[in-house]
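This briefing is for a reader who has not met the structure before. Please keep the sequence and the 3D view at hand while going through the points.

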Amino acid sequence: VLPAKFPNLLVNGAQGIAVGMATSIPPHNLREIGKALHRLLDNPECSIDDLMQDVTGPDFPTGGTICGRGGILQGYKTGRGRVILRAKHHMEELKRGKEAIVVTEIPYQVNKAELVKRMAELVNDGKVEGITDIRDESDKEHAVRVVIELKASADPTIILNQLYKHTQLQDTFSLNMIALVEGRPEVLNLKELLESYRDHRIAVIRRRTQFLLDRAE
């Protein structure tokens, strides 16, 4: 096991499938994980609720909004849970009194091209009414910018709810935090993951110091 100078498993997340088990650890904010580690070092008896003062939830690189905190809490306390992710959007006014829903962030691991294609299929099949055009205006300045033009008579709330239901504009991320602890796969809660990293760092520093001492002697 190579020495890791930051808790990569939590910061970058991990996903993998083995025989009879799979792991799904979401990515997190490096500063938040760092603060939680400091709290754990200062007070090894701290609770998961204490650690959640620093780690408020997963930090997905594609943005989006996590709906509710129940799934996060369950995942951090038991090692297993589900979080619902929604795309982030705002409304823009167009000519002739029309409006557009502009999507600027999408759920984690959702393919933008497939998302746009799926929305267009729903409009063509008549499952979602009130949309006149869907354009992908993403560029260097706007990493994600999907414009959904609406008819003047359309209700944006109804259309959004239909898109949440039928497309990956709303998606679910499952937390299944399985990791190898001394060669054995275990389901770990947030505190156990942080403790494992702390113990790893202590072992690395102790071995390094012993090596330097042996060499000097």
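No disulfides turn up: a search of the whole structure finds 0. The model is a predicted one. The points below go from the cysteines to an open sheet and its helices, then to a second group of strands and two loop residues.

**Cysteines**
- Cys46 is buried, with 2% relative accessible area.
- Cys67 counts as partly exposed, at a relative accessibility of 33%.
- With 0 disulfides in the whole structure, neither the buried Cys46 nor the partly exposed Cys67 is part of one.

**The open sheet**
- The order β5-β6-β8-β7 describes an open sheet of 4 strands, and their pairing is antiparallel.
- Which strands stand at the edges? They are β5 (residues 88-93) and β7 (residues 131-136); each has a single partner strand, so one side of each is left without a neighbour in the sheet.
- On average, neighbouring strands in this sheet are turned by 20° against each other, direction ignored.
- The edge strand β7 pairs with β8 (residues 146-150) in the antiparallel sense, over 5 bridges.
- Arg135 has Val147 of β8 as its bridge partner.
- In general, strands of a sheet pair through backbone hydrogen bonds.

**Helices across the sheet**
- Helix α5, made of residues 112-124, lies across β7 and β8.
- The direction of α5 is at about 165° to β7.
- Helix α6, made of residues 156-166, lies across β5, β6, β7 and β8.
- The angle between α6 and β6 (residues 99-105) is about 40°.

**Strands β3, β4 and β9**
- Strand β4 covers residues 80-86 and has two faces that differ in cover.
- Gly81, Val83 and Leu85 make up the covered face of β4, while Arg80, Arg82, Ile84 and Arg86 make up the uncovered one.
- As a general point, side chains in a regular strand alternate between the two faces of the sheet.
- Strand β3 (residues 65-67) runs antiparallel to β4, and 3 bridges join them.
- Across this pairing, Ile66 stands opposite Leu85 of β4, a residue of the covered face.
- β4 also pairs with β9 in the antiparallel sense, here over 7 bridges.
- Val83, another residue of the covered face, has Phe173 in β9 as its bridge partner.

**Asn176**
- Asn176 belongs to strand β9, which spans residues 170-176.
- Is Asn176 buried or exposed? Asn176 is buried, because its relative accessible area of 17% is under the 20% cut-off.
- The side chains of Asn176 and Arg80 are joined by a polar contact of 2.7 Å; Arg80 lies on the uncovered face of β4.
- Leaving out residues up to four places away in sequence, Asn176 touches Ala22, Thr23, Ser24, Gly79 and Arg80.

**Residues with positive phi**
- Gln109 is not a glycine, yet has a positive phi of about 65°.
- The place of Gln109 is the loop between β6 and α5.
- Glu182 is not a glycine either, and has a positive phi of about 50°.
- Glu182 sits in the loop between β10 (residues 178-181) and β11 (residues 184-187).
- Glu182 is exposed, because its relative accessible area of 82% is over the 50% cut-off.

Methods. Residues are numbered from 1 along each chain as its sequence is written. This is a predicted model: local features need pLDDT of at least 70, side-chain atom pairs count only at pLDDT 80 or more; totals for chains, interfaces and linings use all residues. Side-chain values use heavy atoms; hydrogens and water are left out. A disulfide is a pair of cysteine sulfur atoms within 2.5 Å. Buried means under 20% relative accessible area, exposed over 50%, partly exposed in between (1.4 Å probe, protein chains only). Two strands pair if DSSP finds at least two bridges between them. Axes are lines fitted to C-alpha atoms, for helices over the stretch in contact, and angles run from 0 to 180 degrees between N-to-C directions. Contact means heavy atoms within 4.5 Å. A polar contact is a pair of N or O atoms within 3.5 Å; within protein, one must be able to donate a hydrogen and the other to accept it, and residues adjacent in sequence count only if both atoms are side-chain atoms.
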